[in-house]
Amino acid sequence: MATTGKVIKCKAAVAWEPKKLLTIEEIEVAPPQAHEVRLKVVATGVCHSDYYVLYEDIRDYAFPCVLGHEGAGIVESVGPGVTRFKPGDKVIPLFVSQCGECQLCLSDKTNQCVKNWTVDEKNMESKSRFTCKGKVIIQFMGTSTFSEYTVVREVALTKISDSAPLDKVCLLGCGISTGYGAAINTAKVQPGSTCAVFGLGAVGLAAVMGCQAAGASRIIAVDINKDKSSKAKEFGATDFVNPKDYKKPIQEVLMEMTDGGVDFSLECAGNVDVMRCALESTRRAWGVSVIVGWVDVKDVSTKPVDLICGRTWKGSYFGGWKSVQSVPKLVSDYMDKKIKVDEFITHTLPLEKVNEAFDLMITGKSIRTVLKM
């Protein structure tokens, strides 16, 4: 291609500092280095994790940066040593890498990888291929899909079907895969079981979908937004409960509804108080509660007796999927109408309206907004 080996200038939504609106800037995207791939981003979802880093994370996170980690695009060029990709391939960048060689990748106990971008946060500037106004722009999670072009490592990219619609399957790069996998892979929901899902954003609705796919007989969807009721039932929920409708703690309500608690609960809100509610809503003798919502600036706690007496508390990272090998299969499942994707998309906007997409999400007016480049 005419751009191979050259710096590409393109538009990107840049976060110059925390708690400030993103601004559309012209950035420079350098050619890929060894074992890297440069791709043209076609579409990207707007995930709460992007908002979290910008507005809620109190750590000294790396700024300026380009957010976005739920995208899909087309390979523009490849760096030296890349053998699995070629220009023109349809791909999904991955915030969870899979090198296939490390101890973690070779284990069936985890989907994590020692080569994950976040393992070495101190050197993020040296790994970035973005510059703007003479400054290095950090690539969030090694993906930065809020840009017309981005560069990712070969171990954090997967090729998908040429017939897959990129403005739909981009959502399989994070939210849908995370919630669906949390139910299927992490909780291991059993046929005939009872489940509760807390928080009905895209991740929570995907968890509801996963519980249904696993054969749960009762799926209680929990959210303080009453407008989520019909959407939850579209994805398989049998009941909807709004904690605002009760004077007693929601876990007590669920215990009464299920004669002792649900078998499985999934917390998809990223709220430490809700995490405890989700745990305490499970059956004391064998209940399993999975933390799915991302938060790392607050502590979560419970009474030790709740675990001693049989409950299990666990977490789920990207739904437990081995990223490079699993995402193409999820795309195929979508193409075969085995899982929903289109139904998550409530808004489609241009990149320039990314701040509006955040507003829609935070006010509960959207499930997923897709930004088209």
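Asp 273 sits in helix H8, which covers residues 272–280. In this predicted model, Asp 273 has a relative accessibility of 56%, so the residue counts as exposed, the cut-off being over 50%. Asp 273 and Ser 301 are 28 residues apart in sequence, and their C-alpha atoms are 8.6 Å apart in space.

Another pair involves Lys 115 and Asn 271, which are 156 residues apart along the chain and have C-alpha atoms separated by 29 Å. Lys 115 belongs to the loop between strand E6 (90–93) and helix H2 (124–127). Once neighbours within four places in sequence are set aside, the contacts of Lys 115 are Ser 97, Cys 99, Glu 101 and Arg 153.

Two residues with positive phi occur in the loop between strand E8 (135–139) and strand E9 (149–153). One of them is Met 141, with a phi of about 60° although Met 141 is not a glycine. The other is Ser 144, also not a glycine, whose phi is about 55°. Met 141 counts as buried because its relative accessibility of 14% is under 20%. Ser 144 is likewise buried, at 0%.

The accessibility values for these four residues are set out below.

| Residue | Relative accessibility | Class |
|---|---|---|
| Asp 273 | 56% | exposed |
| Lys 115 | 40% | partly exposed |
| Met 141 | 14% | buried |
| Ser 144 | 0% | buried |

Helix H4 comprises 13 residues, 175–187. At 1.5 Å a residue the expected span of H4 is 18 Å, and the end C-alpha atoms are 17 Å apart, which agrees. H4 nevertheless has a bend of about 45° at Gly 181. The residue that follows H4 is Lys 188, with a positive phi near 55°.

Of the 13 residues of H4, 11 are buried, so the helix is largely enclosed by the rest of the structure. Gly 181, where the helix bends, is among the buried residues. The buried set also includes Gly 175, Ile 176, Ser 177, Thr 178, Gly 179 and Tyr 180. Further along H4, Ala 182, Ala 183, Thr 186 and Ala 187 are buried as well. What do the buried residues of H4 pack against? Their partners include the helices H5 (202–213) and H10 (323–335). Strands also take part, namely E14 (264–267), E15 (288–291), E16 (312–315) and E18 (368–372).

H4 and E16 also meet at the second largest pocket, in that each supplies at least two residues of its lining. This pocket has a volume of about 310 Å³. Its lining consists of 14 residues, and those nearest the centre are Lys 109, Thr 110, Asn 111, Thr 186 and Gly 320. Thr 186 is one of the buried residues of H4. By residue class, the lining has one nonpolar, eight polar and five charged residues.

Helix H1 spans residues 48–56, and its buried residues are Asp 50, Tyr 51, Tyr 52, Val 53 and Leu 54. These buried residues pack against two strands, E1 (8–15) and E3 (36–45), and against helix H11 (354–362).

Terms used:
Residues are numbered from 1 along each chain as its sequence is written. This is a predicted model: local features need pLDDT of at least 70, side-chain atom pairs count only at pLDDT 80 or more; totals for chains, interfaces and linings use all residues. Side-chain values use heavy atoms; hydrogens and water are left out. Helices (H or I, at least four residues) and strands (E, at least two) are DSSP runs, numbered from the N terminus. The expected span of a helix is 1.5 Å times one less than its number of residues. The bend at a residue is the angle between axes fitted to the seven residues ending there and the seven starting there. Buried means under 20% relative accessible area, exposed over 50%, partly exposed in between (1.4 Å probe, protein chains only). Contact means heavy atoms within 4.5 Å. On a 1 Å grid over the protein atoms alone, a cavity is a set of points where a 1.4 Å probe fits but cannot get out, and a pocket is an open set with protein on both sides within 12 Å along at least five of seven lines; lining residues have an atom within 4 Å of a point. Grid points are joined across faces, edges and corners, and a volume is the space filled by probe spheres set on the points. Ala, Val, Leu, Ile, Met, Phe, Trp, Tyr, Cys and Pro count as nonpolar, Asp, Glu, Lys and Arg as charged, and the others, Gly among them, as polar.
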